[in-house]
Number of protein chains: 2
Amino acid sequence: MTRPFANALELLRAARLRPTRQRLALARLLFEKGDRHVAAEELHGEALAAQMPVSLATVYNTLHQFVGAGLLREIVINPGRSYFDTNVSDHHHFFYEDDSQLRDIPGDSIAVSNVPSPPEGGSIRRVDVVVRVEKAAHKGR
Amino acid sequence: MTRPFANALELLRAARLRPTRQRLALARLLFEKGDRHVAAEELHGEALAAQMPVSLATVYNTLHQFVGAGLLREIVINPGRSYFDTNVSDHHHFFYEDDSQLRDIPGDSIAVSNVPSPPEGGSIRRVDVVVRVEKAAHKGR
DNA sequence: TCAATAGTTTAGAATGGTTTTAAATTCTGA
DNA sequence: TCAGAATTTAAAACCATTCTAAACTATTGA
């Protein structure tokens with residue numbers, strides 16, 4: 001259910017990407033521990049720490065290929081850094097502004113209604129909802 | 001109604017920012033032609049074109065001060081570039097992926113329901129909805 | 001009016017995540 | 001095993017944004 005592919009190799013085959021050492025390593029790091037929101041440099045650090053040397057350029061290449069193959073979703077919330085979400089099912093996000101953390105909101109707990117059709121034409125590809133959360137409630141001025 | 005302040009000067013006073021030549025110029029460009037979504041470099045170009053020389057650093061400073069004063073809202077959708085929205089009322093956005101254009105969706109035409117409370121605690125500061133639109137409907141593979 | 005001071009602007013350098021380049025390496029199929 | 005295609009990589013380039021420190025400007029109070 002939360003395991004769309006038995007292993008990294010199968011996953012790469014399905015995406016029609018050659019199963020290189022680097023891609024296998026990154027796929028394992030990404031998909032073998034449940035849902036994650038990772039930035040490129042973070043993943044790079046993890047790979048090095050796990051004795052799986054991969055260049056940063058390859059991390060970027062691979063992340064983008066995975067997004068293209070529908071294995072990852074890219075999330076942009078803050079300027080200057082992208083996150084990659086291993087959960088590609090229909091869902092939304094909490095964003096904790098204090099420490100820039102993301103948390104999934106299950107897709108069926110939230111509902112967006114009355115979305116008008118785009119004025120300039122075109123078709124709706126996705127609706128993203130970000131609920132911005134701040135830790136302390138500093139109200140007033 | 002769409003004119004919260006009679007003029008740029010009044011607007012700066014309300015924001016408790018000194019009415020310098022540069023800020024007045026930028027305020028006029030931003031607020032005297034209806035709702036806009038502008039990037040910093042874009043606004044800088046407009047200022048130069050309008051014979052109101054302002055440095056890019058000042059454009060950034062001013063935009064952030066305006067955001068702090070609640071005159072602008074910053075919108076991050078694509079990595080690497082922020083947009084500033086002169087409409088600070090409660091509303092959401094269409095995002096045209098083909099040409100990176102933003103269009104407002106009136107706040108009352110859309111409704112987000114059943115937002116759960118944040119699991120890690122904290123208070124909800126804002127809910128942002130982005131409807132991603134692609135021009136052509138290239139379906140299938 | 002005039003300084004003193006606090007706030008503002010600016011050119012230019014620095015930053016930092018991401019992308020590009022071009023050469024070396026690795027994979028695949030025949 | 002070999003040729004061609006895909007992939008990886010270090011290093012450089014990119015580019016929006018931020019920082020720095022010096023010059024400038026607005027404001028205040030005497």
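**Exercise 1. Polar contacts to DNA strand C**

How far is a base oxygen of DNA strand C from an N or O atom in the side chain of Arg18(A)? Place this pair among the other contacts to the strand in this predicted model.

*Solution.*

Step 1. The distance between the base oxygen of DNA strand C and an N or O atom of the Arg18(A) side chain is 3.4 Å. A pair of N or O atoms counts as a polar contact within 3.5 Å.

Step 2. Turn to chain B. The side chain of Arg18(B) has an N or O atom 3.3 Å from a sugar or linking oxygen of DNA strand C. For Gln22(B), the distance from a side-chain N or O atom to a sugar or linking oxygen of the strand is 2.7 Å.

Step 3. Consider the strand's atoms within 4 Å of the protein: 83% are sugar or phosphate atoms, and the rest belong to bases.

**Exercise 2. The surface near DNA strand C**

Describe the residues and elements that form the surface near DNA strand C.

*Solution.*

Step 1. There are 21 residues around DNA strand C, and the nearest are Tyr60(A), His64(A), Gly80(A), Thr20(B) and Arg23(B).

Step 2. Sorted by class, the surface has 8 nonpolar, 8 polar and 5 charged residues.

Step 3. In chain A, helix H3 (40–49), helix H4 (56–68) and strand E3 (81–85) each supply at least two residues. In chain B, helix H2 (21–31) and helix H4 (56–68) do so. H4(A) gives the most, with 4 residues.

**Exercise 3. The surface near DNA strand D**

Carry out the analysis for DNA strand D, starting from the residues that surround it.

*Solution.*

Step 1. DNA strand D is surrounded by 21 residues, with Thr20(A), Gln22(A), Arg23(A), Thr58(A) and Tyr60(B) closest. Of the atoms of this strand that come within 4 Å of the protein, 85% are from sugar and phosphate.

Step 2. List pairs that involve a phosphate oxygen of DNA strand D. A polar side-chain atom of Thr20(A) is 2.4 Å from one. For Thr58(A), a side-chain N or O atom lies at 2.7 Å. For Glu41(B), a polar side-chain atom lies at 2.9 Å.

Step 3. Assign the surface to elements. Helix H2 (21–31) and H4 of chain A give two or more residues each, as do helix H3 (40–49), H4 and strand E3 (81–85) of chain B. H4(B) gives the most, with 4 residues.

Step 4. By class, the residues near DNA strand D are 8 nonpolar, 8 polar and 5 charged.

**Exercise 4. The relation between the two chains**

What rotation and what shift along its axis superpose chain B on chain A?

*Solution.*

Step 1. The rotation is 180° and the shift along its axis is 0.0 Å, with an RMSD of 0.1 Å.

Step 2. This is therefore the relation of a two-fold axis.

Step 3. Both copies use the same surface, since 98% of the contact residues of chain B recur in chain A.

**Exercise 5. The domains of chain A**

How many residues does each domain of chain A bring to the contact between them?

*Solution.*

Step 1. Chain A divides into domain 1 (8–85) and domain 2 (92–133). Their C-alpha centres are 23 Å apart.

Step 2. Domain 1 of chain A brings 9 residues to the contact and domain 2 of chain A brings 10 residues.

Step 3. The two domains bury about 830 Å² between them, 56% of it on carbon and sulfur atoms. On the domain 1 side, His37(A), Arg73(A) and Ile77(A) lose the most area to domain 2 of chain A, together 57% of what that side buries.

Terms used:
Residues are numbered from 1 along each chain as its sequence is written. Chains are lettered from A and ligands numbered from 1 in the order in which they are written. This is a predicted model: local features need pLDDT of at least 70, side-chain atom pairs count only at pLDDT 80 or more; totals for chains, interfaces and linings use all residues. Side-chain values use heavy atoms; hydrogens and water are left out. A residue is near a molecule or strand if one of its heavy atoms lies within 4 Å of it. A polar contact is a pair of N or O atoms within 3.5 Å; within protein, one must be able to donate a hydrogen and the other to accept it, and residues adjacent in sequence count only if both atoms are side-chain atoms. Ala, Val, Leu, Ile, Met, Phe, Trp, Tyr, Cys and Pro count as nonpolar, Asp, Glu, Lys and Arg as charged, and the others, Gly among them, as polar. Copies are superposed by least squares on the C-alpha atoms of residues with pLDDT of at least 70 in both. Contact means heavy atoms within 4.5 Å. Domain bounds come from an automatic or database domain assignment. Buried area is the accessible area (1.4 Å probe) that two parts lose on being put together, summed over both.
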